[in-house]
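Dear colleague,

I am passing on the structure we spoke about, with the sequence alongside it. Please have both open while you read the notes that follow.

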Amino acid sequence: MLLPWEYGVRNLARRPVRTALTLVALATVVMLVFVVVGFIRGLEQSLSVSGDANVVLIYSVNSEENIENSSIPARTPALLTASVGGTVKRFGVTHVSPELYLGTRVKTQAGDGGLGLVRGVTLTAPLVRRSVRLIEGRWPAEGEIIVGRLAAAKLGSSDEEMAIGETLEFEGEEWQISGRFAAGGAAYESEIWCRLGDFQAATKRQDLSLVSMLLSATGSAAEVSLFCKERTDLELRAIRETDYYASLQRHYRPVRLLAWFVVVLVSAAGIFAGLNMMYGAVAGRIREIATLQAIGFRRRAILISLVQEGVLLAAAGSLLSGVIALTMLNGMAVRFTMGAFTLRIDSVAILIGCGVGLLLGVVGALPPALKALRAEVATSLKAV
């Protein structure tokens, strides 16, 4: 015969201070799990939505995977347009975007700032980067810039300092913000965009970092790659944008593995903390457990009741942490080497966080409960 369900619930209310402390400890552990898993899911989401399967990136073969170090001739876009077919062309505009991409020190009017990612672009950039949407303001004129919605997080400044009309300083010049854009969570959202000619003049460069091409249904990335291999004098390489960001995911795999290792460490620490608290809780109930055995309840029924208490506490802590994570952590901007992205508390994060919480409840309650039940009933009844 099992103990009544209400018995375990009432036991939690009998010791409100101990119950509250255990609840806070469990909720803290689960919250840390939510933060780490949300970081992993946010990074993966940002990289997965950044690529477009129809876009091909052409950049220097010597830059390896770092486009910031790429340098290609300024005539490359014209050569590509003349030599490679299959590029989207509408209303006489070929969807080819020449770009100068650079990491540079950016200062706000308040004197704050950090390492920012600046991209010099032309009017064809939004045609190729189809996820980009201007959400506020207008396209930049001479001496102006538009900023991504996560650019403030990348610089470590406030959103007020990145508002329209504010001024940023980089490459020895001041630039006025004329608009803000979003890109559906893509990596571009942490960047600053300005006119290509203005950026080349400021950096005293006439070359480009890369060229982005939007291919039509008849276009072939292999044809672009073949052109790059044939023109050895240009030293170019071509790669689909999706493949480029897939390579970045592989590049950041050690970071993700380290984050999962942190989840395991946090969970292990939570289990040991739970064991410590549960041992203390059970140690004060030795006579109660012995009395239950004396009046006829089997050890299995008592064990299930003790585990039930641990699971109830863990479930409450997981629920509390889940609500806080969804309301306060979900969508929070995080600064990273590749730019910035938002924490993502999705169904996977909720499942892992709550699963760890329930595991803490079960594993934390079992060992002390088994130890108490192994003691002799007569000896336990005399315990103080």
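Helix H3 is where I would like to begin, and its face turned away from the buried side carries the exposed residues Ala78 and Ala82. Please keep in mind throughout that this is a predicted model.

The buried residues of H3, which spans residues 76-83, are Thr76, Pro77 and Leu80. They lie on the same side of the helix, because they cover an arc of only 100° around its axis. As a general point, an α-helix has 3.6 residues a turn, so residues three or four places apart point the same way. The partners against which the buried residues of H3 pack are strand E1 (55-60), strand E4 (96-107), strand E11 (210-214), helix H7 (221-230) and strand E12 (236-240).

Turning to the interior, the largest nonpolar core has 54 residues, and those with the most contacts inside it are Leu57, Tyr188, Trp193 and Tyr244. Helix H2 (residues 16-50) gives the most to this core, contributing 12 residues. A second, separate core is made of 36 residues, and Leu80, Ile145, Leu215 and Val224 are among them. As for Tyr244, leaving aside residues up to four places away in sequence, its contacts are Leu57, Tyr59, Glu65, Ile67 and Ile239.

Glutamine 200, in helix H6 (residues 196-203), counts as buried because its relative accessibility is 12%, which is under the 20% cut-off. Its C-alpha is 7.7 Å from that of glycine 120, although the two residues are 80 apart in sequence. Beyond residues up to four places away in sequence, glutamine 200 touches Leu100, Arg205, Gln206, Asp207 and Leu208.

Two residues other than glycine have a positive phi and may deserve a look at the backbone. For phenylalanine 91, phi is near 50°; this residue lies in the loop between strand E2 (89-90) and strand E3 (93-94), and it counts as exposed at 87% relative accessibility. For lysine 204, phi is about 55°; this residue is in the loop between H6 and E11, and it is exposed, with a relative accessible area of 73%.

Finally, on the surface, Leu258, Phe261, Val262, Val264 and Leu265 make a nonpolar patch of about 460 Å². Of these, leucine 265 is placed in helix H9 (residues 253-283), and it counts as partly exposed, at 46% relative accessibility.

With best wishes

Technical notes. Residues numbered from 1 in each chain as written. Predicted model: local features only at pLDDT ≥ 70, side-chain atom pairs only at ≥ 80, totals over all residues. Heavy atoms only, no water. Buried < 20%, exposed > 50% of the residue type's maximum accessible area, 1.4 Å probe, protein only. Helix = DSSP H or I, 4+ residues; strand = E, 2+ residues; numbered from the N terminus. Arc of directions from axis to C-beta. Contact = heavy atoms within 4.5 Å. Patch = residues over 30% accessible without salt bridge, like charges linked within 9 Å, V, L, I, M, F, W, Y side chains within 5 Å. Areas by Shrake-Rupley, 256 points an atom, 1.4 Å probe, with all protein chains shown as cover. Salt bridge = Lys/Arg side-chain N within 4 Å of Asp/Glu carboxyl O. Core = buried A, V, L, I, M, F, W, Y, C linked by side-chain atoms within 4.5 Å.
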